[in-house]
Structures are given as C-alpha cells and as structure tokens.
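Colleague: Could you walk me through this structure slowly, please? I am new to this and would like each term explained as we go.

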There are 2 protein chains.
Amino acid sequence: MTLIVQKFGGSSVADAESIKRVARRVVETRRAGKDVVVAVSAMGDTTDELLDLAGEVTPLPAPRELDMLLSSGERISMALLAMAIKSMGHEARSFTGSQAGMITDATHGSARIVDVTPVRLREALDEGAIVIVAGFQGFNRDTRDITTLGRGGSDTTAVALAAALGAEQCEIYTDVDGVFTSDPRVVPKARKLDRVTSEEMLELAASGAKVLHIRAVEYARRHGVTLHVRSSFTDTEGTIVYDPSRLPEGEAVEDSVLAGVAIDLSQAKITVVGVPDVPGVAAKIFKILAKSNINIDMIVQNVSAAATGLTDISFTLPKTDGEKALAALSGVQADIGFDSLQYDDEIGKLSLVGAAMRSASGVSAKLFEALYEAGINLEMISTSEIRISVVTRAESVHRAARAVHAAFELDGEEDAVVYAGTGR
Amino acid sequence: MTLIVQKFGGSSVADAESIKRVARRVVETRRAGKDVVVAVSAMGDTTDELLDLAGEVTPLPAPRELDMLLSSGERISMALLAMAIKSMGHEARSFTGSQAGMITDATHGSARIVDVTPVRLREALDEGAIVIVAGFQGFNRDTRDITTLGRGGSDTTAVALAAALGAEQCEIYTDVDGVFTSDPRVVPKARKLDRVTSEEMLELAASGAKVLHIRAVEYARRHGVTLHVRSSFTDTEGTIVYDPSRLPEGEAVEDSVLAGVAIDLSQAKITVVGVPDVPGVAAKIFKILAKSNINIDMIVQNVSAAATGLTDISFTLPKTDGEKALAALSGVQADIGFDSLQYDDEIGKLSLVGAAMRSASGVSAKLFEALYEAGINLEMISTSEIRISVVTRAESVHRAARAVHAAFELDGEEDAVVYAGTGR
C-alpha cells in the first residue's frame with residue numbers, strides 16, 4: 001500500500017471543530033486506500049501561550065526545560081486528533097517525537113534531525129492504524145532529553161517522516177491554495193503554480209516567500225521527497241514541489257519559464273563608511289558579524305575613491321539583528337578604522353526566481369528594463385544561478401513586484417483569491 | 001545526604017506566582033542540606049480543561065489517547081517549576097513519568113505502579129540537581145505507552161519515588177495544615193493530629209477523610225514510607241503518618257487514643273426487599289454488583305421473618321454508582337425473586353477511627369451512648385479492628401460528628417482555622 005504523509009499546522013487544528021475536520025480529511029485519504037501518517041502542530045496559539053507562561057516564571061528560561069514545556073503542545077493536538085479519528089471507526093495511534101524515533105542533535109530550541117528510526121510507526125502501520133506524530137519535537141540520544149526543532153519544525157517533521165518511510169508524497173496543508181508566482185496580496189494577478197522545482201522553491205523561500213519553511217524544503221530536496229502544498233479548507237490540487245533530476249527517465253520536464261517574484265520587507269541595510277581599502281578589512285568585518293551569529297544576505301563594496309584610499313561596504317541583514325550588528329561593529333571601530341555606520345531599515349528586496357534563467361539569456365536585462373520603466377531605483381543587486389535579487393526603497397517594492405510580474409508574463413487571467421488573514 | 005520527596009498539588013502550582021513560591025520552598029529544603037525530589041501535579045484546572053477538550057472532540061475518548069492528552073498537564077507544570085528553580089541559581093531537571101522510570105500496568109486511566117526504576121533521577125541527584133518529576137503518570141513496558149494513575153495519582157507518585165529512592169520522608173503539601181481529628185468545617189473544635197499511624201490514616205481515608213488518597217496511604221504503608229502532610233501556605237509542622245512497627249527499637253510509641261471522626265456524605269443505601277432466605281441468594285446479589293464494578297461498603301441483612309421465609313438486604317455504595325446498581329439488580333429480579341428495590345441517597349456515614357480501639361474496651365458502648373444522648377437514630381453499623389462506622393440520616397451526621405468528637409474528648413482548646421475554599 002502506498003503511504004502519504006500529511007502535515008497540518010496550528011491554524012488547521014485550532015479548536016475541536018477544526019480537529020474533527022482534519023480527522024475527516026485524514027479518514028478520506030485512508031478510505032482512498034492509502035496508508036496515512038499525520039504530522040501535527042500545537043493547537044492555534046498554544047506555543048505562544050506556553051512561551052508567555054515561561055516568561056512569567058523567568059525572563060531567561062532554561063532551554064532544556066523550555067523544550068520540555070513546548071513539547072506538551074503537540075501532545076495535546078495529536079491525542080485529540082487520534083481520538084477524533086478513532087471515534088470515526090478507524091484505528092489511530094499518536095506518537096511523541098521520541099516515540100516516533102525523531103533523533104536530533106542536542107541543540108535545544110533549534111535541534112536538527114540526525115536520524116529517523118520509525119520502528120513503532122511501521123508496526124502501527126502494519127497493524128492497519130493511522131499514525132499521528134507530534135510535529136516540531138525530537139529526542140537526543142546522548143542526553144536522552146526532549147528537543148524542539150524551532151521555526152518551521154512541523155514541516156520538517158513531516159518531510160523527515162516521508163523520507164524515512166518512503167512516502168509517495170508529503171502533503172503540507174496550509175491556509176492558502178499552494179505556492180503562488182507572487183504574494184497575491186501584493187500582486188493581484190499572481191497565479192498558483194501547479195509545479196515548482198525544489199531548487200526554485202528553496203530560492204523562493206530564501207527570498208521571502210513564507211508558504212514553506214526553508215529547512216523543510218532543503219530536507220525534502222536532499223532526500224528526494226515530493227511535496228504537495230495545498231489548502232486544508234478546499235479540495236483543490238495545490239502545488240507540487242519536485243526534484244526534476246529524480247523524475248523517471250523519459251518523463252518530460254515541464255517547460256518552466258520563471259517560478260515567481262518574491263518580496264521581502266524584513267531586511268535592513270548597514271553601510272560601513274570610510275573603510276581603508278586594504279586586503280583583509282572586509283574579512284575582519286564579516287568575521288566579527290559571524291561571531292555574533294548574524295546572517296548576512298547581500299553585500300556590495302563600492303569602488304574605492306583613488307584620492308582617499310577609502311571605500312564603503314554595504315550589506316543587508318534581518319532587521320531583528322540590526323542592533324546587535326551595530327553594537328558588534330562599533331566595538332571594533334578603532335581596530336578596523338572606519339569612519340561611521342549607517343543604518344537603513346526602509347529597504348525592500350525583490351527576487352525573480354526560475355530554473356529557466358540558467359539557459360535563457362537576457363533575463364537580467366529584461367528585469368532592469370522593467371524596473372527602469374516603472375521608475376524604480378536599484379540600490380543593490382545580487383544573483384545566483386537561478387535568482388536575481390534587487391534592493392529598492394521599501395515603499396517601491398510592491399509596485400516593482402507588479403511591474404516585474406507583468407513584464408515576465410506571469411500574470412494570470414483573473415485576480416487571485418486572497419483568504420482573510422492569510423499570514424502565510 | 002538524606003533525601004526528601006515533596007509533592008505539590010494543582011492548587012499549589014496554579015499560576016506563575018504559585019510556581020515561584022513552590023520553587024522558593026524547594027530551594028530552602030535544598031539549602032538545609034537535603035537532596036530533593038519533587039512530584040508535581042498539573043496546574044490548577046488544567047486536567048479538567050483537557051478533559052473538556054476531549055469531550056468536545058468525542059463523547060468516548062480512546063483511553064490510550066486520553067492518557068497521552070492528560071499527561072501533557074504535568075509536563076507544563078514540571079518544566080515551569082524547573083525553570084523557576086534554575087533561575088534561582090540551583091540546578092534542576094524535570095522528568096516525565098517514563099523518564100523517571102515509573103513503570104505501571106497497562107490500565108489506561110487508573111494504572112497501578114508495578115516497578116520504579118529511577119536510574120536517571122539518581123544520576124541527576126548525584127550531579128547535584130534538584131529533581132522534578134511529573135506526578136500522576138507512568139509508562140507500560142509491554143505497550144510502550146504512556147499511562148495515568150487516576151485519582152490521587154500524584155500522591156502515589158510521590159510515595160513510590162520516596163520508597164524507591166529510600167527517602168527520609170515524603171512531604172505531601174496541601175491547602176490544609178495536616179490531618180485533623182475531624183473536618184474543621186463540620187466540627188469547629190477539630191484538632192490537627194501531630195502523628196497518626198498509617199493504619200489509622202487508611203481507615204480515615206476509606207471513611208471519607210479527603211486529605212490523602214487511600215492508594216497513596218496504602219502504598220506508603222506497604223513500603224514503610226513516612227508521610228508528612230503539611231500546608232504549602234505556612235511553615236507549620238503538619239501531621240506525620242508513620243508505621244509504628246517500623247520505629248527503631250525502644251522509641252516510645254505515642255499513647256494514641258483515637259485518631260478521629262470521619263464523615264462521608266457520598267454514599268447511598270439500596271435495600272433489596274423480600275429476598276427468599278435460602279443459601280446462595282446474597283452471593284448472587286453481590287456477584288452481579290461486582291460484575292458491574294460497583295464498590296459495596298456496608299451490608300446489613302435483617303433477621304428473616306419466619307412466617308414468610310423472606311428477608312431484606314441493605315447495602316451502601318457510592319451515589320455515583322446508584323443508577324448502575326439499580327439497573328443491574330432489576331435485570332436479575334426474576335432470577336433472584338425479590339419483591340422490590342428501595343433507593344435512599346439521604347444517608348450519612350460517621351466513622352470513629354483509632355488503633356487504641358484494639359485494646360480499650362467499651363468504645364462502641366460509649367459511641368452508641370453519645371449518639372443516643374444526641375437523639376440520633378442509627379440505621380446501619382459496621383466495625384473493623386480499629387474503626388466503628390454508623391449510618392444515620394444525612395441531615396444528622398454533622399451533629400453526630402460534633403457529639404462523638406466531644407464525647408471522646410477529641411475537642412481542642414480553640415476552633416480550628418478553616419481556609420477559604422478548602423475542598424480537600
């Protein structure tokens with residue numbers, strides 16, 4: 001029997017009614033003749049409520065105990081879902097992360113999966129049960145302690161289970177219809193993609209598309225898991241995220257042009273002004289930032305002014321790391337010998353993503369022309385093999401996205417339906 | 001280093017402030033030079049809220065999943081308590097029932113502890129940590145599933161840990177000052193007992209005293225664990241529950257007279273009227289009740305009327321089992337051949353308990369005289385080696401308790417302090 005892994009997030013299991021709705025969907029899949037393994041998040045705002053409780057007890061909760069605390073969230077949702085399914089006449093069994101064999105490293109709060117040993121899940125499946133697994137949590141073998149996987153953790157749980165159990169597909173249920181060519185709230189003519197390669201999905205996720213967490217996409221790509229991103233509120237087919245190199249010989253790869261336009265307003269720009277243009281200085285700057293665990297995205301170094309021998313270095317980073325980065329750099333100002341720091345959190349990033357970029361020439365030229373015609377000024381540019389990203393003023397980035405979306409003929413016939421409150 | 005086990009119930013850890021107060025008390029014990037193991041219940045009404053959630057999903061939740069659900073409650077309180085203690089500068093580690101080695105049978109909802117293998121707790125203690133254990137929950141080795149111990153479960157967890165770890169004492173923190181000679185809300189002159197034997201405590205618990213659950217007292221008695229029942233709101237010494245046979249040679253056993261007067265308004269009386277007085281009929285009646293899992297307490301059979309060859313059999317049982325018992329008996333009326341059933345839920349039971357009863361004669365006579373003088377009519381009487389119980393009208397039982405309490409000179413000098421809302 002083929003196996004499907006289904007993942008339901010917190011908003012899909014927010015209350016008893018939602019849990020019953022999810023149960024009906026799981027049972028439908030089972031009745032269609034599939035083995036089903038379900039990965040489930042904590043109900044609605046449970047995780048935030050538990051974090052608030054911890055905050056009331058101590059401002060700096062011990063990470064081991066915080067994981068113990070948070071892991072109770074999925075225990076509640078998974079037990080309720082198993083009960084709901086059983087009450088519909090199907091055998092169902094819930095398993096915690098450790099019972100499911102979700103082995104992680106010992107990094108509390110953002111553990112990485114190192115092995116999956118789903119012995120008990122296989123037994124339960126062999127006995128005809130529908131299996132429910134707590135998302136987001138795992139277990140470290142050395143410390144024998146409970147861990148949690150951090151942001152996007154339940155998606156990663158689902159993908160890891162799909163890989164370990166050799167699932168046909170991993171369905172990620174969410175509150176939108178699938179992966180779109182752009183954010184429909186910004187670009188009304190955005191279209192749902194029927195298919196997207198895992199490489200493109202990775203670039204889209206890294207560029208600000210929020211529908212899938214980058215860690216889950218990476219895991220799926222590395223292990224050849226086909227994802228199906230779809231809505232838990234409708235029966236419409238969603239978006240298939242696949243690895244074209246794993247397609248069976250002879251199966252035509254879709255003639256994909258461009259996957260989409262992602263925008264990201266969560267970044268800020270720091271400019272280090274008046275840096276001596278001598279070897280090793282840039283290395284010093286980024287070493288000190290790396291030591292503070294700051295994720296740098298784009299970097300631009302100006303051409304040095306010959307007269308002074310000084311240059312400026314600009315880079316982008318998450319706004320949430322802004323203060324930390326400024327403090328770290330200020331601390332080494334004398335050592336590095338720069339003039340000043342400029343901080344700008346009014347920037348927007350637009351990224352055009354598509355595997356077709358590899359073969360099709362002229363994509364950058366067309367992009368810059370579209371932005372020029374829309375009167376949008378570019379502050380930084382960076383490219384990867386299948387992505388071009390530009391930084392603009394924050395207030396221009398939505399207009400820029402619509403212009404680029406139209407120029408590359410990504411626009412659909414009709415405006416996309418935007419669900420109320422679709423935060424992701 | 002000597003070891004103390006401390007148990008805190010749901011009302012002692014109802015919110016962040018209470019958890020911090022408990023943390024301070026645990027740390028004080030640690031600073032006094034003791035190793036400390038803490039057993040903790042779920043916060044406040046958590047268990048009831050989880051039961052309500054399950055009820056919204058299905059009227060008959062699967063027992064395995066219900067245990068998985070309910071066990072999340074102590075996970076929350078124990079993690080928060082460990083965080084609170086750590087934030088006070090002491091090493092603390094929380095453990096679930098299965099991590100603590102609390103091995104039970106497979107009876108979901110009311111599992112019995114069959115073994116305790118506290119390997120990880122000993123390791124943590126050896127490393128100098130304060131150990132926090134989830135009360136109420138365990139783990140079955142064969143099914144590898146989570147179980148819960150049912151009512152009074154956290155008390156039992158604490159006692160089992162004390163036995164397995166060879167603790168000096170098991171402190172049960174509650175919202176009253178200790179074990180009283182009677183319920184202070186009924187008998188204002190009730191006194192706190194400084195000491196009571198485990199045998200007496202067992203009879204008191206079985207007779208309606210709610211301060212300790214009977215299963216925990218039984219476990220303590222069987223394993224020779226000394227209990228200390230005390231208030232989590234004051235520093236006053238509470239009541240020591242001890243086994244006199246385990247006292248060191250030569251240590252004087254207190255000249256205890258009577259331990260107390262317990263009352264119980266939770267029972268009802270069923271009278272089977274017109275039962276043929278032939279051998280085997282009573283056995284049939286109680287066999288059918290046993291098959292329905294109904295706990296019978298007192299039984300009285302009238303002298304048979306010679307003319308008819310018929311007799312009446314009365315027994316008491318928990319009111320909550322009343323309907324079930326009537327249905328079971330009605331089903332066999334033709335087979336047994338009785339006339340009718342009478343149901344009376346307006347009864348009260350009063351029990352006088354004390355090990356001194358064994359040697360002192362005249363206790364029953366004095367009891368009956370006190371009740372006669374107070375004008376109270378007795379409907380049923382039963383006795384054990386260290387207890388006399390009588391059934392009266394429900395509305396008379398409080399007055400009866402005060403009369404007996406005074407007659408046996410149990411009254412204290414002053415009225416006992418009654419805390420607001422002391423349900424137990």
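Modeller: We can talk about the interface, then a strand, and then a loop residue. This is a predicted model, in which local features need pLDDT of at least 70 and side-chain atom pairs count only at pLDDT 80 or more, while totals for chains, interfaces and linings use all residues. Residues are numbered from 1 along each chain as its sequence is written, chains are lettered from A and ligands numbered from 1 in the order in which they are written, and side-chain values use heavy atoms, with hydrogens and water left out.

Colleague: How many residues does each chain give to the contact?

Modeller: Chain A gives 41 residues and chain B gives 41 residues, where contact means heavy atoms within 4.5 Å.

Colleague: And what area do the two chains bury between them?

Modeller: Chain A and chain B bury about 3300 Å², with 63% of it on carbon and sulfur atoms; buried area is the accessible area (1.4 Å probe) that two parts lose on being put together, summed over both. On the side of chain B, 21% of the area buried against chain A comes from B:Val57, B:Arg75 and B:Met83, more than from any other three residues.

Colleague: How many salt bridges are there between the chains?

Modeller: The count is four salt bridges, each being a side-chain nitrogen of Lys or Arg within 4 Å of a carboxyl oxygen of Asp or Glu. One of them joins A:Glu123 to B:Arg144, whose closest N and O atoms are 2.8 Å apart.

Colleague: Switching to strand β6 of chain B, is it mostly covered or open?

Modeller: Strand β6(B), residues 130–134, is mostly covered, since five of its five residues are buried, and buried means under 20% relative accessible area, exposed over 50%, partly exposed in between (1.4 Å probe, protein chains only). Strands (E, at least two residues) are DSSP runs, numbered from the N terminus. On one side of β6(B) lie B:Ile130, B:Ile132 and B:Ala134, and on the other B:Val131 and B:Val133.

Colleague: Which residue stands opposite B:Val133?

Modeller: That is B:Phe95, and β3(B) and β6(B) pair in the parallel sense over four bridges, where pairing needs at least two bridges found by DSSP between two strands.

Colleague: Last one: where does B:Thr236 lie?

Modeller: B:Thr236 lies in the loop between β11 (227–231) and β12 (239–242) of chain B, and B:Thr236 is partly exposed, with a relative accessible area of 39%. Leaving aside neighbours within four places in sequence, B:Thr236 is in contact with B:Lys192 and B:Arg230.
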